[in-house]
Amino acid sequence: MPRQVQKREPTIALINIVFLMLVFFMVAGTLVAPVDGHLKLVQTAALEGRAPPDALILRPDGQMQFAGKAVSSLAAFYDGLPEAARKQLRLVPDRALAAEKLIAVAAELKALGAGKVMIVTERALP
């Protein structure tokens, strides 16, 4: 009677993969030094938010404002800017402004010749 050879399961390969993953996550988890536990971050929640003085403000109803004055036409606004300011424009949209309106304003500024159009947002730390 021929002797039957039992097939072994390839568990060694699985163990090797799990071990390599464990080593990877141990190394990747310690690359960045933790923030000092005694450090207290500055709280800015109580500060009044203000738009940069050189930014075009977009209100939820579509009205635009620059340096405290109403802007009726983007073309007139762009023509009134100094050459240096045309290279980098900042938009401060209200969070209730429709995304389509924001995209349309940015596209129109780019079509007028603006170099870079940046959107100023609020970033909060936990």
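Helices, here taken as DSSP runs of at least four residues, are numbered from the N terminus. The structure described below is a predicted model.

**Confidence**

The protein chain has an average pLDDT of 79, and 77% of its residues score at least 70. Confidence in the chain is highest in helix α4 (residues 99-112), at a mean of 90, and lowest in α3, at 83. Where pLDDT is low, the predicted coordinates should not be read in detail.

**The salt bridge of helix α3**

One salt bridge is present in the structure. The side chains of E83 and R86 form this contact, with an N to O distance of 3.9 Å. That distance satisfies the criterion because a salt bridge requires a side-chain nitrogen of Lys or Arg within 4 Å of a carboxyl oxygen of Asp or Glu. Both E83 and R86 belong to helix α3 (residues 83-86), where three residues, about one turn of the helix, set them apart. The two partners differ in their exposure: E83 is exposed, with a relative accessible area of 55%, whereas R86 is buried, with a relative accessible area of 19%. R86 is classed as buried because its value of 19% falls under the 20% cut-off.

**Strand pairing and the crossover**

Strand β4 (residues 88-93) pairs with strand β1 (residues 55-58) and also with strand β5 (residues 116-119). The table sets out the two pairings.

| Strand pair | Bridges | Direction | A bridge pair |
|---|---|---|---|
| β1 and β4 | Four bridges | Parallel | L58 and P93 |
| β4 and β5 | Four bridges | Parallel | R90 and M118 |

From β4 the chain passes through α4 to reach β5, and this β-α-β crossover is right-handed.

**Helix α4**

Helix α4 comprises 14 residues and extends 20 Å from its first C-alpha to its last, close to the 20 Å expected at 1.5 Å a residue. The buried residues of α4 are L102, V105, A106 and L109. Viewed down the axis of α4, these buried residues fall within an arc of 95°, so they line one face of the helix. E100, I103 and A111 are exposed and lie on the other side of α4. Helix α4 thus presents a buried face with L102, V105, A106 and L109 and, on the other side, the exposed residues E100, I103 and A111.

How values were computed: Residues are numbered from 1 along each chain as its sequence is written. This is a predicted model: local features need pLDDT of at least 70, side-chain atom pairs count only at pLDDT 80 or more; totals for chains, interfaces and linings use all residues. Side-chain values use heavy atoms; hydrogens and water are left out. Helices (H or I, at least four residues) and strands (E, at least two) are DSSP runs, numbered from the N terminus. Buried means under 20% relative accessible area, exposed over 50%, partly exposed in between (1.4 Å probe, protein chains only). pLDDT is the predictor's confidence in each residue, from 0 to 100. Two strands pair if DSSP finds at least two bridges between them. A crossover is right-handed if, with the strands pointing away from the viewer, the path from the first strand over the helix to the second runs clockwise. The expected span of a helix is 1.5 Å times one less than its number of residues. The arc is that of the directions from the helix axis to the C-beta atoms.
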